[in-house]
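This report introduces a structure to a reader who has not met it before. The sequence and the model are shown first, and the description follows.

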Amino acid sequence: MGQMAQKISQTDQTELLKILNTAFAEEWLAYYQYWLGAKVATGPLRPDISAEFMEHAKEELEHAELLANRIITLGGTPVLSPQDWADVALCKYAAPSRPYIVNLLEQNLTAERCAIARYQKICELTSGTDLITYSLALKILQDEVEHEEELEAYHNDIVSTFAHHAQLEG
């Protein structure tokens, strides 16, 4: 626990630890959603998109580690049980029950957009009051925006390709 870290943070610690734990739980769920989606994906561009999912999974796990460290530094305790992640998270885990790549991309786009909103809120909460947490949230926010852009590009490419083929055949 960092006494100075807690002292220099002028943000409501209870509120900050709660939102950081929410983000922490969501990162673990996002990690698993990407990791499992990469394993079960079917459809066009599967090897490329599965590789992208694995890269995103790695980054989500890194985010969870950064958040856990910050929570501990601020005197809190990260959510200790995986069974509690779904209860704490506001961005929900979407099981890949329909593993067609377009479905997985849509599920992950929803999750990324939720994550972007979460980190935007953390940035707003800590801007000017806790620069370390702000910097951490901003870094993760940048990663999540990049994830959304990459997923959206794959999704749009697949959808437009199929629309183009349908138009040629029709």
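## Overall character

Of the 170 residues in the protein chain, 44% count as buried. The model is a predicted one. The protein chain exposes about 9000 Å², and carbon and sulfur atoms supply 57% of this area.

The protein chain contains 6 helices and 0 strands, and its pattern along the sequence reads α-α-α-α-α-α. Taken along the principal axes, the box filled by the C-alpha atoms of the protein chain is roughly 65 × 30 × 20 Å. Among contacts in the protein chain with a separation of 6 or more, 83% come from residues 24 or more positions apart.

## Aromatic pairs

The count of aromatic pairs comes to 5. One of them is formed by Trp-28 and Trp-85: the ring centres are 5.0 Å apart and the planes meet at 10°, so this pair is stacked. The cut-off behind that reasoning is that planes under 30 degrees apart count as stacked. The pair links distant parts of the chain, since Trp-28 belongs to helix 2 (residues 13-40) and Trp-85 to helix 4 (residues 82-88), with their positions 57 residues apart.

Are these two residues buried or partly exposed? Trp-28 has a relative accessibility of 26% and therefore counts as partly exposed. Trp-85, at 15% relative accessibility, counts as buried. The dividing value is 20%, because buried means a relative accessible area under that figure. Together with Tyr-31, Trp-28 and Trp-85 form one aromatic cluster.

## The surroundings of Glu-144

Glu-144 is located in helix 6, which covers residues 131-169. What is the nearest side chain of opposite charge to Glu-144? That side chain is Lys-139, at 9.5 Å. Glu-144 is buried yet has no salt bridge. The limit for a salt bridge is 4 Å, counted from a side-chain nitrogen of Lys or Arg to a carboxyl oxygen of Asp or Glu.

The side chain of Glu-144 does make a polar contact, at 3.3 Å, with the side chain of His-63. His-63 also appears in the list of residues in contact with Glu-144 once neighbours within four places in sequence are left aside. That list further holds Glu-27, Glu-60, Glu-112, Ala-115, Ile-116 and Tyr-119.

Note on methods:
Residues are numbered from 1 along each chain as its sequence is written. This is a predicted model: local features need pLDDT of at least 70, side-chain atom pairs count only at pLDDT 80 or more; totals for chains, interfaces and linings use all residues. Side-chain values use heavy atoms; hydrogens and water are left out. Rings of Phe, Tyr and Trp (its six-membered ring) pair if their centres lie within 6.5 Å; planes under 30 degrees apart count as stacked, over 60 as edge-to-face and the rest as tilted. Helices (H or I, at least four residues) and strands (E, at least two) are DSSP runs, numbered from the N terminus. Buried means under 20% relative accessible area, exposed over 50%, partly exposed in between (1.4 Å probe, protein chains only). Lys and Arg count as positive and Asp and Glu as negative; His and the chain ends are not counted. A polar contact is a pair of N or O atoms within 3.5 Å; within protein, one must be able to donate a hydrogen and the other to accept it, and residues adjacent in sequence count only if both atoms are side-chain atoms. Contact means heavy atoms within 4.5 Å. Accessible areas come from the Shrake-Rupley method with a 1.4 Å probe; for residues, only the protein chains shown count as cover.
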